[in-house]
Amino acid sequence: MAGKGTPATALLTKQKVAHTLHAYDHDPRAESYGLEAVEALGLDRARVFKTLVAEVDGRLTVGVVPVTGQLDLKGLAAAAGGKKAKMADPAAAQRATGYVLGGISPLGHRSRIPVVIDASAEKFETVFCSAGRRGLEVELAPGDLIRLTGAVVAPIAA
């Protein structure tokens, strides 16, 4: 996939992590990037995860939840060792991760950001998440995703 590299795919390659990239034609009118990936690639909704950036006690924190659910902000705060969480300013999320909205990957951020992955990810042999670009998903083992992100695993999906 020449020209399709992202910080996320570079990290996976550097760490020699088994993964598969899945590209599709992104429709800018899509209302949900995650559900667009599900439909375009014919995937099981429960195995496709979205990456959301929130603030926990003023510190950016990433929550990774199934595309069919919502991020439980109270659960995220508790898992991150904080008291209060709110969704981050989109511009701050883009600056900190180095990705555009709809293409934020849990991997390869510009700066170190704590990551919390919903516990449901561990039920699957592989999961899908953004590879760092709209229209590009990466499939990998949840254990590898957890290890590479240094994530805490907790029930954070509502």
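Val-127 sits across from Leu-140 of strand S7, and at the other end of the pairing Arg-133 faces Leu-136, also in S7. These residues belong to a predicted model, in which local features need pLDDT of at least 70, side-chain atom pairs count only at pLDDT 80 or more, and totals for chains, interfaces and linings use all residues. Numbering starts from 1 along each chain as its sequence is written, and side-chain values use heavy atoms, with hydrogens and water left out.

S6 and S7 (residues 136–140) run antiparallel and are joined by 5 bridges; two strands are said to pair if DSSP finds at least two bridges between them. Helices (H or I, at least four residues) and strands (E, at least two) are DSSP runs, numbered from the N terminus. S6 and S7 make a hairpin with 2 residues between them, and Gly-135 in the turn has a positive phi of about 85 degrees. S6 is mostly tucked away, with 6 of its 7 residues buried. Here, buried means under 20% relative accessible area, exposed over 50%, and partly exposed in between (1.4 Å probe, protein chains only).

The hairpin is part of an open sheet of 3 strands, in the order S1-S7-S6, with antiparallel pairing. S1 (19–23) and S6 (127–133) are the edge strands with a single partner each, so one side of each has no neighbour in the sheet. From one strand to the next, the twist averages 30 degrees; axes are lines fitted to C-alpha atoms, for helices over the stretch in contact, and angles run from 0 to 180 degrees between N-to-C directions.

Helix H1 (residues 7–14) comes next. Its buried residues are Ala-8, Thr-9 and Leu-12. Viewed down the axis of H1, they fall within an arc of 95 degrees, so they line one face of the helix; the arc is that of the directions from the helix axis to the C-beta atoms. Thr-13 and Lys-14 are exposed, on the face of H1 turned away from the buried side. The cover over the buried residues of H1 includes S1, S6, S7 and helix H5 (142–149). After H1 comes Lys-16, with a positive phi near 55 degrees.

S7 turns up again with helix H2 (residues 33–41). Gly-34, Glu-36, Ala-37 and Val-38 are the buried residues of H2, and the buried residues of this helix pack against S7. Gly-42, just after H2, has a positive phi of about 65 degrees.

A second open sheet has 5 strands in the order S4-S2-S3-S5-S8, and its pairing is mixed. S4 (85–87) and S8 (152–154) are at the edges, each pairing on one side only. On average, neighbouring strands of this sheet are turned by 35 degrees against each other, direction ignored. S5 (residues 115–118) and S8 run parallel, joined by 3 bridges, and Ile-117 has Val-153 in S8 as its bridge partner. Either way round, parallel or antiparallel, strands of a sheet pair through backbone hydrogen bonds.

S2 (residues 49–56) of this sheet holds Leu-52. Leu-52 has 22% relative accessibility and therefore counts as partly exposed. Setting aside neighbours within four places in sequence, Leu-52 is in contact with Thr-61, Val-62, Gly-63, Val-65, Leu-71 and Met-87, where contact means heavy atoms within 4.5 Å. One of these partners, Leu-71, is 19 residues from Leu-52 in sequence, with a C-alpha to C-alpha distance of 7.7 Å.

As for the whole protein, there are 5 helices and 8 strands, and the elements run α-β-α-β-β-α-β-α-β-β-β-α-β from the N terminus on. The radius of gyration is 14 Å, close to the 15 Å that the globule rule gives for 158 residues, so the protein is as compact as a globular protein of that length. That radius is taken over C-alpha atoms, and the rule is 2.2 Å times the number of residues to the power 0.38. Along the principal axes, the C-alpha atoms fill a box of roughly 40 × 35 × 30 Å. Among contacts with a separation of 6 or more, 61% are between residues 24 or more positions apart. Of the 158 residues, 46% count as buried. The protein exposes about 7900 Å², with carbon and sulfur atoms supplying 50% of it; accessible areas come from the Shrake-Rupley method with a 1.4 Å probe, and for residues only the protein chains shown count as cover.
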